[in-house]
Amino acid sequence: MVAKFVTVVNPATWQLTGQRFAQSFVKYWPSVATLDVWCAGFEGDLPLCEGVAMRRLEDTPAYMKLHGQKDLLLVHAQVPAALALSTSPELDWLGYIDSSIELMVRPSDGHLATIFDAGADAVTLRTAGRHETSGQFFMFNLRRVGGASLLADYWGLYDSLGAAHYKDPACNAVLDRLLMLHQAHGLVLKNLAAQARGNDVFHQSVFGELGVAYRGPDFVDLVEAGAGQPSRYTTLCDIVGQVVVLGHKANLVEVGTWNGGRAVQMAQVAFKAGAKEVKYVGFDTFEEAQDQKHEINVKPTYSLEVVQRRLNYFATVMGRRGLTFNFKLVKGNTLRTLPKARVHTSNASFAWLDGGHSEETVASDYEALKHVPYVVFDDVFAKEEEGAPLGPHKVWLGATGQKQLIQTGDKGVAAKQPISLGMVVREGFVKPQLQSRIQVKPVDSVDKAEQYAHIEANSKALTEWLLPAQAHERWALMVSAGPTLKDFLPEIRLRQAAGAYIFVVKHALPTLKAAGIRPDYVVILDPRPVDGMSTHGVLRTTLFADVDAQDTFLFATMTHPSVRDVLEAKGAKLVGWHAQTQITLDAKLPAFQKGLVVGGGTCSATRMPMLAFSLGFRRMAFYGYDFYYPAGTPQEGVKQQLMTVSVGQTKPKQFLTTGELIAAMQDLGQWNQWMLQNHLTVEWKGDGAGATIWEQTVPNYKAPLEFK
C-alpha cells in the first residue's frame with residue numbers, strides 16, 4: 001500500500017502548529033505514508049522539515065489561475081488544490097490532515113487497517129447523525145472508482161469556479177455536498193467517529209488514540225471536550241469550577257468514565273478556575289460491560305486502553321504548561337470496585353455519579369462516596385416515568401445534606417420529561433450558586449396547513465426572488481429593536497453613508513424612519529395577520545405606517561398574505577425567499593422549487609445573518625440585539641410572560657425577557673459558531689444579551705484577514 005497525506009499552512013500556522021505536526025508525523029507515522037506540506041503566502045525560501053516535502057501553492061498554475069477571478073475562493077480552494085496537485089499514479093490512498101494535530105504514538109497495524117479500509121471509497125470524521133465532515137481529516141481511496149471520481153469532482157468544483165456559487169464554499173462543506181450526491185450513486189463512506197457525541201470527533205475516533213488536536217487563537221488549547229454536548233454538562237462544569245474557586249482542591253471522582261471526555265472537560269474547567277493540579281479517579285466497566293440493559297445504559301463502550309491513552313495525552317499537554325493532571329482508572333463493576341477504593345477517594349472534593357442507573361447500583365455508589373463534600377447525580381427525573389431510570393431519583397431523594405434539583409433542557413432517550421441533576425452538598429460546606437437552565441423549544445405560531453397555504457399564495461403572487469451573490473467587501477448592519485438601538489442611530493447613519501447596507505426587523509423600522517434612516521432591506525418573517533397585536537404589544541399595521549415605494553422587503557413566503565397586501569398597496573418592493581422551519585424541513589413543497597430556501601433562527605433577527613450571507617456579506621455589525629425589556633416594563637403591555645434570566649457564566653448579567661426572546665438567545669449559540677466557521681468579521685454593539693452571549697461563548701475571537 002502506498003499512501004500520502006497533505007496539509008496546508010501559512011507562515012503563522014506553520015509557526016504555531018505546522019512544524020510540530022510535521023515533526024510528529026515523521027517521528028511516528030509508518031513509512032507506508034508520506035506527507036506533503038503545501039505552503040501559502042510565504043515570501044522567500046520555504047521552511048525546511050526533514051522527511052517532509054515542502055511545496056508552494058503559488059508555484060502551481062492550476063492554483064494561481066484562481067487569482068483575480070474569485071479571490072475569496074483562494075482560501076477555500078487551498079485544500080482541494082493541495083490534494084489534486086499531490087496525486088500520482090502509484091498512490092493507493094490520498095488524504096488531508098489538518099496541521100493543528102500532534103501525533104504522540106506510532107499507529108499499530110490495527111490502527112492502519114481501520115483507517116485504510118480497502119472496502120471504503122472515502123474515509124471521514126463526522127458526528128453520528130450529522131452530515132458534517134470534520135475539517136481535521138478526510139481521505140480518498142484512489143484504487144476504487146468511487147474514491148477517485150469523488151476527488152476529481154472535489155477539485156473540479158474549485159477549478160471551474162463552481163464552488164463560488166455555493167452558499168458555503170468552505171472545503172469540508174463542499175465535500176459534504178459531493179458526498180451526499182456520490183453516496184446516492186453507491187459511494188461507500190466510512191466514518192471513523194461513528195460513536196462520537198458532540199463536536200469533538202477527533203479525540204473520539206481512532207485518531208484520539210494516536211494524538212491530540214489543538215484549538216484557540218494561538219492553537220495552544222486542546223479541542224474542548226464538551227463542545228456540542230448536552231447542556232447539563234455545562235452546569236456540571238459550573239459546579240466543578242465553583243468548587244475550585246471556593247478553595248477546594250480539584251480532586252475529582254467520576255463513576256462512569258466512558259470515553260474519558262467528561263474527565264478532560266472537568267479538568268479543563270478546573271484549570272481555568274485556577275487549579276494547578278487535578279487528581280482524577282474514574283470508575284467504569286469499560287469493554288467488559290455486560291449489564292447495559294439492567295443499568296439502563298445505551299451508549300457504546302470504550303476500552304480501558306483507549307481511555308488511558310486519551311488521558312495520558314491530555315496529561316502530557318497540560319504538563320508542558322506547568323499544570324499537573326494525575327489520573328487513575330478502575331475497571332470493573334462498581335458494586336465491587338467502589339467500596340474497596342476508599343484509598344483513592346478519601347480526599348476527593350467532588351464526585352460525579354453517571355454509571356449504572358439501577359437503584360441497587362446508584363445506592364451502592366453513593367454510599368461509597370457520601371463522604372465527598374460535593375456529589376452530583378446525573379439522569380435525575382423529577383417524576384416517575386416509564387422508561388426513565390428511577391435509581392438516581394430515589395437515591396438522591398434519600399440523601400442527607402444540602403440538596404438541590406437543577407433542571408436542564410436535555411431530554412432523556414426514553415423519557416418525555418427533561419433530565420435534572422441532583423446535587424448534594426455536605427453540611428458545613430458552601431453551596432454553589434446555580435440556577436436552573438431555561439431551555440425554550442420554539443413552536444410554530446400557526447399550524448402547518450396554514451403555513452403551506454401562505455407559502456403557496458405568496459409564491460404565486462411574488463414576481464422577484466432573492467438570488468445568492470458572490471462574497472464582497474461591504475458591511476451589513478443588522479438592526480434589531482432592542483433598547484440600546486437609539487444610542488447607535490448616528491453611527492448607523494454614518495456607516496450607511498460610507499457604503500454599509502442596513503438589514504432591519506419590522507419592529508425597528510419605525511425607529512430608523514423617525515431618525516431619517518431608510519434601511520436597504522426590511523426582513524419579514526411572520527405568519528400572523530397584519531391587523532393583529534405583536535408579542536411586543538404593538539399593532540402590526542402601525543409598523544408599516546411610513547412605508548413607501550422606495551422601501552425593499554425581503555419577504556418570506558410563510559408570511560401572512562395580509563402583510564403582502566398592505567405593503568403592495570404602499571408600492572413597496574417585495575423580494576421573495578423561503579424560510580426553512582420545523583414543518584417545512586421534511587415537506588417537499590412544490591413552491592420551494594422556485595426561490596432560495598434560507599435556514600437560520602426562530603425569528604427575523606436571527607434569520608438576517610443567513611440572508612446577508614446569501615447576498616455576499618462577510619462583515620456584519622449587530623445593533624439592538626439586546627433581547628431584553630428595560631427594567632420596570634409593565635406586564636400589561638407585553639403579550640408573553642416577563643421573566644428575569646441570568647446570561648453568562650464568568651460574568652453573568654441579569655435581563656428582563658420573555659420566552660420568545662430566550663428562544664432567540666438560544667439561536668445565538670449556534671450561529672455564533674456558524675459565523676466563526678465561515679470566518680466572518682463580526683462586531684457587536686451595546687451591552688445587551690446578544691453582545692453578552694457573543695463575548696462569553698466566543699472568547700478571544702480574532703477577526704480573520706480582510707479578504708478582498
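Which hand does the crossing of α7 and α8 have? In this predicted model, the crossing of α7 and α8 is right-handed. The surroundings of this helix pair, and of other helices and loops, are described below.

The protein chain holds 21 helices and 27 strands. Of its 708 residues, 56% are buried. Contacts between residues at least 6 apart in sequence were also examined in the protein chain. Among these, 71% join residues at least 24 apart.

Helix α7 spans residues 232–245. Its 14 residues reach 20 Å from first C-alpha to last. That is close to the 20 Å expected at 1.5 Å a residue. Burial is extensive in α7: 11 of the 14 residues are buried, so the helix is largely enclosed by the rest of the structure. The buried positions are Arg232, Tyr233, Thr235, Leu236, Cys237, Asp238, Ile239, Val240, Gly241, Val243 and Val244. Just after α7 comes glycine 247, with a positive phi of about 105°.

Two packed helices are described by the angle between their axes and the distance between the axes. Helix α8 covers residues 261–272 and packs against α7 at an angle of about 45°. The two axes lie 8 Å apart. An angle of this kind falls outside the parallel, antiparallel and perpendicular ranges, and α7 and α8 are therefore oblique to each other. The crossing of α7 and α8 is right-handed. On the α7 side, the contact is made by Tyr233, Leu236, Cys237, Val240, Gly241 and Val244. Helix α8 contributes Arg262, Gln265, Met266, Val269 and Ala270. By class, the residues of the contact of α7 with α8 comprise eight nonpolar, two polar and one charged. Tyr233, Leu236, Cys237, Val240, Gly241 and Val244 of α7 are also listed among its buried residues.

Helix α8 also appears in the surroundings of α9. Helix α9 runs over residues 304–320. At 1.5 Å a residue, its 17 residues should span 24 Å; the end C-alpha atoms are 25 Å apart, which agrees. Buried residues of α9 are Leu304, Val306, Val307, Arg310, Leu311, Tyr313, Phe314, Ala315, Val317 and Met318. The elements covering them include strands β9 (211–215), β10 (221–222), β12 (277–284) and β13 (324–331), along with α8. Glycine 322 follows α9 and has a positive phi, near 80°.

Helices α5 and α6 form another packed pair. Their axes come within 10 Å and cross at roughly 135°. The two helices are therefore oblique to each other. The crossing of α5 and α6 is right-handed. From α5, the contact involves Gly146, Ser149, Leu150, Asp153, Tyr154, Leu157 and Tyr158. From α6, it involves Cys171, Asn172, Val174, Leu175, Leu178, Leu179 and His182. Nine of the residues in the contact of α5 with α6 are nonpolar, four are polar and one is charged. The loop between α5 (145–159) and α6 (171–184) contains leucine 161. Leucine 161 has a positive phi of about 70°, although it is not a glycine.

Most residues other than glycine have a negative phi. Phenylalanine 627 also has a positive phi, near 55°. This residue lies in the loop between β24 (619–623) and β25 (643–647). Phenylalanine 627 has 6% relative accessibility and so counts as buried.

The axes of α12 (residues 359–369) and α13 (residues 391–398) come within 8 Å. They cross at roughly 40°. Helices α12 and α13 are therefore oblique to each other. The crossing of α12 and α13 is right-handed. Glu359, Val362, Ala363 and Tyr366 of α12 make the contact with Gly391, Pro392, Lys394 and Val395 of α13. The residues of this contact divide into five nonpolar, one polar and two charged.

A further loop position is glutamate 43, located between β2 (33–39) and β3 (53–56). Glutamate 43 is exposed, with a relative accessible area of 76%. Glutamate 43 and proline 11 are 32 residues apart in sequence. In space, their C-alpha atoms are 8.9 Å apart.

Note on methods:
Residues are numbered from 1 along each chain as its sequence is written. This is a predicted model: local features need pLDDT of at least 70, side-chain atom pairs count only at pLDDT 80 or more; totals for chains, interfaces and linings use all residues. Side-chain values use heavy atoms; hydrogens and water are left out. Axes are lines fitted to C-alpha atoms, for helices over the stretch in contact, and angles run from 0 to 180 degrees between N-to-C directions. Helices (H or I, at least four residues) and strands (E, at least two) are DSSP runs, numbered from the N terminus. Angles under 35 degrees count as roughly parallel, over 145 as roughly antiparallel, 65 to 115 as roughly perpendicular and the rest as oblique. A crossing is left-handed if the near helix is turned anticlockwise from the far one by less than a right angle, and right-handed if clockwise. Contact means heavy atoms within 4.5 Å. Ala, Val, Leu, Ile, Met, Phe, Trp, Tyr, Cys and Pro count as nonpolar, Asp, Glu, Lys and Arg as charged, and the others, Gly among them, as polar. The expected span of a helix is 1.5 Å times one less than its number of residues. Buried means under 20% relative accessible area, exposed over 50%, partly exposed in between (1.4 Å probe, protein chains only).
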